[in-house]
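Me: I should like to understand the terms used for a multi-chain model. Please explain each term by setting the value against its rule.

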Amino acid sequence: MGILEVKGVNKRFGGLQALGDVNLSVAENTVHAIIGPNGAGKSTLLNCLVGKLIPDTGSVSFDGKSVLGRTPFEINQMGISRVFQTPEIFGDLTVFENMVIPAFARRDGSFRMHAFESVSNEKDICIKAEQMLVDVNMQDKIHMHAAALSRGDKRRLEMAMCLLQEPRLLLLDEPTAGMARADTNNTIDLLKEIKDSRDITICIIEHDMHVVFSLADRITVLAQGSPLVEDEPHNIRGNPKVREAYLGEAA
Amino acid sequence: MSKLNVTRRGALKSGAAAGAGLALPTIFTASSANAFMNEPTGSSVTLGFNVPQTGPYADEGADELRAYELAVEHLNGGGDGGMLNTFSSKVLDGTGILGKKVEYVTGDTQTKSDAARASAKSMIEKDGAIMITGGSSSGVAIAVQGLCQEAGVIFMAGLTHSNDTTGKDKKANGFRHFFNGYMSGAALAPVLKNAYGSDRKAYHLTADYTWGWTQQESIAAATEALGWETVNNVLTPLAATDFSSYIAPVLNSGADVLVLNHYGGNMVNSLTNAVQFGLREKQVNGKNFEIVVPLYSRLMAKGAGENVKGIFGSTNWHWSLQDEGSQAFVKSFGTKYGFPPSQAAHTCYVQTLLYADAVTRAGSFAPCDVAAALEGFEFDGLGNGPTLYRAEDHQCFKDVLVVKGKDNPTSEFDLLEIVEITPAAQVTYPVDHPMFAGGALGECNNG
Amino acid sequence: MLGLDKKDTTLLLVVIALAMFAPFLLNPFPSGSAMAQFNAGYPDLMQRFVIFGIFAIGFNILFGLTGYLSFGHAAFLGVGSYSAVWMFKLLSMNVVPAILLAMVIAGLFSVLIGFVSLRRSGIYFSILTLAFAQMSFNLAYSVLTPITNGETGLQLTLDDPRVLGQSATDQGGIPVTNFFGIEMRATHTLDVGAWSFDFNAGYYLCAIIMIFAFYISLRIFRSPFGLMLRAVKSNQQRLNYTGLNPKPYTLAAFIISGMYAGLAGGLMASMDPLAGAERMQWTASGEVVLMTILGGAGTLIGPVLGAGFIKYFENIFSKINDNVLHQWFAFLPDGMEDTLVFLVHPFVGKGWHLTLGILFMLVVTFLPGGLVEGGQRLSRLLRRGRKDEDAGPDPEHHPKETPHVAE
Amino acid sequence: MDAILLQILNGLDKGSAYALIALGLTLIFGTLGVVNFAHGALFMLGAFCSVTLSRLLTLSFETIDETKTDFLGNPMKVKTPYVEAWFGPETGAAIIDWAVPLSILFAIPIMISIGFAMERGLIKHFYKRPHADQILVTFGLAIVLQEIIKYFFGANPIPTPAPDVFKGSFDFGVLLGFDPNVIIYPYWRMVYFLFAMIIIGGVFAFLQFTTFGMVVRAGMADRETVGLLGIDIDKRFTMMFGLAAAVAGLAGVMYAPINSPNYHMGMDFLVLSFVVVVVGGMGSLPGAVLAGFLLGILESFASMTWVKSILPGIDQIIIYLVAIIILLTRPRGLMGRKGVMED
């Protein structure tokens with residue numbers, strides 16, 4: 001029984017079958033990659049996991065509890081954090097303030113007014129936020145406007161924000177898309193470190209096979225909305241069906 | 001010297017009430033020996049002209065302002081003296097008021113009670129105005145009248161036609177020269193009966209606010225007393241610009257007269273729409289369909305253009321009146337500005353003169369003395385024939401004009417013709433008339 | 001001090017000083033002089049400055065922080081005014097219960113409207129709030145006249161019950177509003193040479209409340225709650241995926257800002273016991289939007305400046321007539337005097353709207369951050385001037401501070 | 001039944017004014033992403049094109065008629081319009097009579113130029129600015145335009161009659177077998193409705209069948225992509241602004257005989273037209289038209305006596321009430337697209 005169980009999920013958009021009978025089981029404390037050609041339904045599947053979309057049929061459960069019908073913030077409170085393909089951060093706020101928000105969310109769980117306290121007086125929160133920025137090597141940008149960061153820094157910030165919440169499952173949507181090689185390698189190192197240093201399950205969608213094979217413990221290949229194969233990385237590498245799916249796309 | 005002792009009495013009283021809690025440092029000079037609010041102590045006296053300068057009634061406000069400027073000129077001995085020469089009271093001699101030169105400040109009411117009160121307050125508090133006058137709607141007049149009562153200055157209302165101004169909202173410090181809804185009805189009904197017969201069915205469209213209601217009530221009562229039947233009364237939103245959906249059903253309602261209890265832009269639009277629908281060419285119940293606009297003004301008639309032709313209404317005053325006072329006023333106004341004055345201008349001019357006269361006769365600017373001099377004052381020579389400022393409700397009783405849109409105007413000002421001058425006696429009502437019930441003048445306030 | 005850092009403390013002290021010395025600052029010209037026209041230090045206008053300041057501060061908590069543009073905030077002001085006047089009619093002329101009731105009723109009203117309107121965002125939210133406010137206005141003007149006294153506005157009368165006070169004074173007048181005996185209209189005039197300064201009890205009550213309101217807004221801006229509100233404006237999606245539901249935050253901001261509006265309405269009625277329906281019209285809602293943007297949305301002091309700016313034009317420029325113009329330019333030769341009067345005439349008196357419109361366009365075009373940005377540029381210019389003198393090293397390696405928390 | 005038919009007619013007529021204004025507003029929203037508070041002022045300027053033209057046509061020379069006197073007793077100055085002197089009294093009078101329809105020709109170039117000038121001179125600097133700034137600047141502009149008109153034409157409404165042939169009304173009821181005088185409708189309002197349909201049809205055809213329109217529609221859907229295709233979308237958007245201004249202006253020109261124009265008529269329509277646009281759904285042209293007619297008809301129904309007797313004051317709030325209900329049941333209005341002006 002994995003920490004994340006997807007069973008028989010179907011999702012249609014009008015005439016298009018985006019997901020067809022998807023089954024997926026992600027084991028705790030592993031890195032599970034989902035790969036597949038464009039339009040295979042990877043992002044749709046991710047959206048079904050976090051409550052942005054509701055599957056037409058099937059079930060999604062996290063740690064034994066169904067996530068269906070819950071809103072994104074409730075699902076997040078269950079311990080699932082998500083990093084987006086294009087970084088979703090608070091562009092108008094400083095890097096530090098970006099970090100403080102998940103720290104408060106982690107501490108308080110849900111709505112608390114705190115209208116008459118001062119952010120700067122919440123020492124434990126500030127320390128935590130600063131520490132995490134040091135961890136992702138962004139301490140020198142702490143007072144910068146988040147919108148002014150480079151794309152790579154934005155993504156690191158987003159990842160740091162997610163990690164600050166100490167999620168049990170981290171969902172990554174193409175975390176290295178559009179990154180330079182060096183940045184990609186940094187990201188891989190960061191993720192490796194995260195994986196080694198914490199009790200965390202990571203589910204990653206990725207195009208870059210270098211990233212996938214550096215990190216993944218297990219890989220699911222999605223094609224035309226359905227899982228093609230699920231196996232360990234070294235078995236996927238030579239699988240003709242996978243090759244066909246990708247080549248088919250290339251042709 | 002302080003001219004800004006807004007509420008000396010209030011200050012003293014509060015000082016006593018709060019005791020040591022409000023111990024005042026000696027640096028604050030409690031005001032000098034002023035006997036009443038804004039007592040003029042220098043060589044001049046300041047009047048506050050509070051008229052709409054922005055918004056839909058801006059043109060009417062501009063005309064009021066012209067009249068005020070003319071009145072000030074005449075009071076200070078300038079120009080040809082206008083109605084000072086025809087006024088039955090002869091105490092004004094062109095040397096200002098009680099020898100003090102008349103100065104004035106102006107403000108913008110925006111035709112909103114809030115803004116009007118703010119503007120009046122600034123005149124009282126900042127400029128030391130001893131009297132406030134003006135306005136072009138009843139809501140504003142009542143709001144400002146209330147303020148003047150509380151502040152302790154005299155309010156000489158400008159254009160306000162609602163029964164409430166001197167009815168349930170009357171105030172001891174407020175005075176109205178303009179006529180009201182009841183008078184419109186009383187003057188108009190007999191003329192309508194003569195013109196259209198006593199077997200008529202009337203359909204009322206009424207602006208959905210206080211003035212509209214009181215006018216509708218007055219007109220319906222007056223016409224019903226002469227045998228007319230009121231088929232329906234439909235309230236229309238103030239903000240309405242297109243009245244088609246209210247007018248379209250009229251023809252099929254069995255009514256043969258449409259009464260438009262609207263003013264300003266509402267009236268211009270509803271009348272234009274009604275004529276567009278061809279109501280006036282129709283026959284209902286074997287009679288010609290007719291439209292009546294109980295309260296007319298020349299500026300509105302101008303806005304409605306040709307649509308006013310042949311339509312009856314009432315008005316406080318019109319420049320074509322032939323009496324000596326009206327002629328003198330039209331002459332000074334026309335010479336100075338190049339066109340004849342409106343009824344609003346006339347009322348404002350007359351109110352200024354009446355105030356100055358009352359002060360002079362009382363020999364004092366103190367509001368209570370002025371009020372006493374105005375109460376029960378009978379005069380003539382200011383247009384509208386012999387007039388009484390009734391003591392009990394501070395309403396003027398004078399002749400009311402019934403007018404009709406002119407069929408062949410000779411100039412752009414010649415839009416209305418006087419059909420009948422209804423004598424004051426016919427429009428006078430008892431003080432306790434139910435349409436004016438409720439409210440009390442209260443005591444006059446010197447501030 | 002008071003849980004504020006040094007910079008904020010300074011800001012608060014500046015605001016306190018401005019509010020307390022306003023009677024001096026706003027009357028810079030001798031009362032007899034031609035420039036006295038520009039004096040704004042009379043009680044009614046000073047009260048309006050701070051009351052609309054409170055209104056705008058409250059509006060800014062919603063709009064400046066969360067970015068939700070309410071186009072119906074005047075409804076809360078109106079409701080607050082009506083509640084306060086009813087309190088004067090029924091209970092007593094003491095302003096405290098009136099102001100409290102105004103805040104409570106406006107708060108309840110904003111719970112209702114906020115709960116429904118906040119189901120949508122962006123312009124859909126704006127139109128929902130606009131629709132609610134316009135409905136309130138239209139109804140208050142017509143069918144609700146028994147409660148609101150329609151066109152004229154709700155006034156006090158001599159036969160109001162006033163169970164804890166008197167219906168009429170011994171002199172037969174309507175009693176005046178007071179704060180435990182201190183009459184709101186009590187004014188002391190101080191004459192210093194040619195100058196004259198007014199100290200009005202009502203103004204000082206409003207000013208103290210405004211300072212308190214400003215302090216609370218300052219605390220909210222610096223608080224975790226304020227941070228969440230700014231997060232709502234910045235990226236609701238991320239907030240959701242951070243496990244936080246934006247709705248309670250926005251609703252709380254909406255209610256707080258509605259209560260500020262109610263407070264402003266209650267104070268308005270306390271200073272002048274009349275509540276007109278026009279207070280709820282969309283133009284009134286638009287006015288507070290303009291005040292906030294003009295001053296600088298999202299800044300602390302901007303809305304107050306914007307409120308003062310607009311009210312100054314409304315009350316001072318509208319009162320300048322040709323007569324006054326001639327007085328000003330009397331020192332010039334006749335021909336020039338008339339030309340100048342002719343040129344200035346369209347912009348003053350009945351033309352004050354035109355001047356205001358032109359200034360709106362100029363400010364927003366050249367000072368994107370509103371009047372506050374103008375002030376910042378000015379001070380930067382001055383500071384640079386001083387720095388050049390010192391020829392000190394440029395300490396500009398600090399990353400820029402976020403403009404959203406700038407004062 | 002007859003009453004309902006009558007109110008449908010009324011609603012269509014009111015709706016066509018709403019729809020025309022909302023159409024222009026939506027074009028600007030949809031293409032430029034600008035909240036244009038000056039759109040009502042454009043409508044007003046259109047109406048004043050009619051006023052100006054009839055003023056121009058009635059420019060007169062004065063002769064003194066000794067037989068008559070004016071209000072001060074001086075000899076009366078009689079005015080004769082130049083057109084009557086040039087073309088003879090009858091032709092001249094006919095030209096003056098047709099001032100409003102003639103104003104269409106006069107208004108199109110003027111309104112398009114005003115639109116261009118506004119976009120190039122002011123609006124284009126605000127594309128990247130927050131909506132709040134756009135509101136402030138266009139509101140300021142609206143006030144300035146209004147005050148300029150007020151300065152020259154005064155605050156009073158100015159009667160601008162339709163040509164004589166369109167005076168009076170048509171009896172629909174007789175056509176449908178009702179009694180005479182049951183369903184009558186003024187000719188000019190029918191003209192207005194037809195005119196509105198032609199303009200609406202024209203705008204849709206223009207967007208549907210020309211390449212220009214195609215590019216603009218693509219730009220409305222995704223501005224960046226179209227920009228990437230190397231198409232100079234900005235120039236086209238300027239033209240769209242001119243078109244929107246012309247639509248608003250023409251709506252105003254033809255509206256002048258229905259209600260005498262005054263300087264603040266634009267503000268009266270502004271709020272309403274925003275409600276119409278939003279109820280229709282941001283960025284949807286058919287939505288704007290649909291909502292215009294829907295709200296026009298509902299407003300007319302609400303003003304019926306028996307409706308008002310059940311729900312007093314309903315005609316005061318119906319538009320807003322409907323707007324609330326629609327926005328709560330359909331998050332993006334009737335036909336709105338996702339993501340337009342939602343933040």
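Reply: Let us begin with chain A of this predicted model. Chain A is divided into domain 1, made of 1–79 + 170–251, and domain 2, made of 88–166. The C-alpha centres of these two domains of chain A lie 26 Å apart.

Me: What makes the contact between domain 1 of chain A and domain 2 of chain A, and how many residues does each give?

Reply: Domain 1 of chain A contributes eight residues and domain 2 of chain A contributes seven. Residues count as in contact if their C-beta atoms lie within 7 Å. On the side of domain 1 of chain A, helix 6 (residues 181–197) gives the most, with three residues. That side of domain 1 of chain A, where it touches domain 2 of chain A, holds five nonpolar residues, two polar and one charged.

Me: Which pair of chains shares the most contacts?

Reply: Of the four pairs of chains in contact, chains B and C share the most. Their contact takes 47 residues from chain C and 55 residues from chain B. Strand 4 of chain C gives the most to the side of chain C that touches chain B, with five residues. By class, this side of chain C has 13 nonpolar, 22 polar and twelve charged residues.

Me: How many residues do chain B and chain D each bring to their contact?

Reply: Chain B brings 39 residues and chain D brings 38. Helix 8 of chain B gives the most to the side of chain B that touches chain D, with five residues. The classes on that side of chain B are 16 nonpolar, 16 polar and seven charged residues.

Me: How far apart are the nearest C-alpha atoms of chain A and chain B, and those of chain A and chain D?

Reply: For chain A and chain B, which do not touch, the distance is 31 Å. Chain A and chain D do not touch either, and their nearest C-alpha atoms are 13 Å apart.

Me: Why does the radius of gyration of chain C agree with that of a compact globule?

Reply: A compact globule with 407 residues would have a radius of gyration near 22 Å; chain C has 23 Å, and therefore the value agrees. Along its principal axes, the C-alpha trace of chain C spans about 75 × 70 × 40 Å. The secondary structure of chain C comes to 17 helices and six strands.

Me: What percentage of the residues in chain C is buried?

Reply: Buried residues make up 61% of the 407 residues in chain C. A residue receives that label if 20 or more other C-beta atoms lie within 10 Å of its own. As for contacts in chain C between residues at least 6 apart in sequence, 73% join residues at least 24 apart.

Me: Why is helix 3 of chain C called roughly antiparallel to helix 11 of chain C?

Reply: Helix 3 of chain C and helix 11 (residues 246–271) of chain C pack at an angle of about 170 degrees. Angles over 145 degrees count as roughly antiparallel, so the label applies to helix 3 of chain C and helix 11 of chain C. The axes of these two helices are 9 Å apart. Among the residues making the contact are C:F52, C:F55 and C:L62 of helix 3 of chain C, and C:F254, C:Y260 and C:L267 of helix 11 of chain C. By class, the contact of these two helices of chain C has 19 nonpolar, five polar and no charged residues.

How values were computed: Residues numbered from 1 in each chain as written. Chains lettered and ligands numbered in written order. Predicted model: local features only at pLDDT ≥ 70, side-chain atom pairs only at ≥ 80, totals over all residues. Contact = placed C-beta atoms within 7 Å. Helix = DSSP H or I, 4+ residues; strand = E, 2+ residues; numbered from the N terminus. Nonpolar A, V, L, I, M, F, W, Y, C, P; charged D, E, K, R; others polar. Domains from an automatic or database assignment. Rg over C-alpha atoms; globule rule 2.2 N^0.38 Å. Buried ≥ 20, exposed ≤ 12 C-beta atoms within 10 Å, placed from the backbone. Axes fitted to C-alpha atoms, helices over the stretch in contact; angles between N-to-C directions. Parallel < 35°, antiparallel > 145°, perpendicular 65-115°, else oblique.
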